[in-house]
Amino acid sequence: MKTFTFHISHGPWSADLQLTANHTLYELAETIIKAVGFDLDHCFGFYNNLERVTPSSEEYTLFADLGEEANAHDPGVENTLLDQVFEPRKPLLFLFDYGDAWRFLVTCTSEENHRAFKRPKILTTTGTPPVQYSYPNEEEEETPPSGAIYAIPHFTPAAMKRWLRMTEKSREAIITTIWCSTCNDSHGISKAKGKLHPSGDIMLEGLCPKCGGPVARVIETGETQGRADESP
Ligand SMILES: [Zn+2]
C-alpha cells in the first residue's frame, strides 16, 4: 500500500517517520510528539504557510475537530488522511501548543509502496530533542512538582478532548487545588489519569505528590463548559 516518509525538524533535532497514506494527520501529530518525547497535552495544527500561520491557505487543526473557532476551510486533523494532504517534497508547518508555540517543519520526503502496517513508524531520530518542560529540580523526576502537572499525558482521547477545551489557566487551577485528605492540604497531583464519565464529567485520579496517597477530582461538565466559554 502507499506509504509516506516524513522528515521532521526543529533546530538541530530531526526525525524520520513512516506512515501509510491512510493514516490521519492526528496520527502524524501523535508520532511527531512521540518522536520528540513531548506529552500530547496541547492543541496543534498543520499549516502550509511555514512562516506565519494566519495567512495559510491550507490548514488542519485540532480546533476544528473540537468544534471550536476554526477557519471554514479547515477540515480538522482526525478525519483527514495523509493521502489527501501530502505528496513528495511538500512541506507543512506543525505548530504544537499555541502558548509555547513549538514549530516543527514537516516535509514529505518520499512516497513508496510497502506492505500495510498499523502503527506509524519512527525510523530515526538525530540530535538532542527540545525539552517541553524544564523542572526546577530535575533529580526529583519521580514526583514532578505540582506546577508542571496540568500537563497530563494519561488521558483517554475523549477525556483529553474535553480537558483541552479548558484554558490552560483553568486546568492549572483545577490541578493545583486538588485536595489531599491525608495531608489536609492541596499539593497537586502526580501520576494523574483522566477518563470521561458517561455523564460527560472528567474523572481525574492520581497520587498526592507529597504523601503518595490517592487523590481524585471530578471535573463537572457545567464547570468545564462555563470555563471554556470564557476563553478567547
Ligand atoms: Zn497528601
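**View 1. The largest nonpolar core and its best-connected members.** Of the 30 residues in this core, Ile8, Leu25, Ala29, Ile32, Leu82 and Phe94 touch the most other members. A nonpolar core here is a set of buried Ala, Val, Leu, Ile, Met, Phe, Trp, Tyr and Cys residues joined through C-beta atoms within 7 Å. Buried means 20 or more other C-beta atoms within 10 Å of a residue's own, exposed means 12 or fewer, and partly exposed falls in between, with C-beta atoms placed from the backbone. Two or more residues each come from S1, S2, H1, S3, helix H2 (62–66), helix H3 (82–85), S5 and S6. H1 gives the largest share, seven residues. Apart from this core lies another, of 17 residues, including Ala159, Ile178, Ile189 and Ile219. Keep in mind that this is a predicted model: local features need pLDDT of at least 70, side-chain atom pairs count only at pLDDT 80 or more, and totals for chains, interfaces and linings use all residues. Residue numbers start from 1 along each chain as its sequence is written.

**View 2. Who sits around Phe94?** Set aside the neighbours within four places in sequence, and Phe94 is in contact with Ala29, Ile32, Phe44, Phe46, Phe104 and Val106. Contact means that the C-beta atoms of two residues, placed from the backbone, lie within 7 Å.

**View 3. Helix H1 and the strands it crosses.** H1 covers residues 25–36 and reaches 17 Å from first C-alpha to last, close to the 16 Å expected; that expected span is 1.5 Å times one less than the number of residues. Helices (H or I, at least four residues) and strands (E, at least two) are DSSP runs, numbered from the N terminus. Among the buried residues of H1 are Leu25, Leu28, Ala29, Ile32 and Val36. Right after H1 comes Gly37, with a positive phi near 80 degrees. H1 lies across S1, S2, strand S3 (44–47), S4, strand S5 (91–96), strand S6 (102–113) and S7, and runs at about 145 degrees to S2. Axes are lines fitted to C-alpha atoms, for helices over the stretch in contact, and angles run from 0 to 180 degrees between N-to-C directions.

**View 4. The seven-stranded open sheet.** Its order is S4-S3-S5-S6-S1-S2-S7, with antiparallel pairing. Strand S4 (59–61) and strand S7 (121–126) are at the edges with a single partner strand each, so one side of each has no neighbour in the sheet. The twist averages 20 degrees from one strand to the next. Strands S1 (residues 2–10) and S2 (residues 13–20) pair in the antiparallel sense over eight bridges, and His10 has Trp13 in S2 as its bridge partner. For strands to count as paired, DSSP must find at least two bridges between them.

**View 5. Two loop residues with positive phi.** Ala101 sits in the loop between S5 and S6, and its phi is near 50 degrees, positive in a residue other than glycine. Ala101 is exposed, with 9 other C-beta atoms within 10 Å. Asn184 is in the loop between helix H5 (168–176) and strand S9 (190–196), with phi near 55 degrees. Asn184 is exposed too, with 7 other C-beta atoms within 10 Å.

**View 6. Confidence along the chain.** Mean pLDDT, the predictor's confidence in each residue from 0 to 100, is 84 for the protein chain, and 86% of its residues reach 70 or more. Over residues 137–150 the pLDDT is below 50, and this stretch has 23 contacts in the model beyond near neighbours in sequence. Residues 222–232 also have pLDDT below 50, with 10 such contacts.
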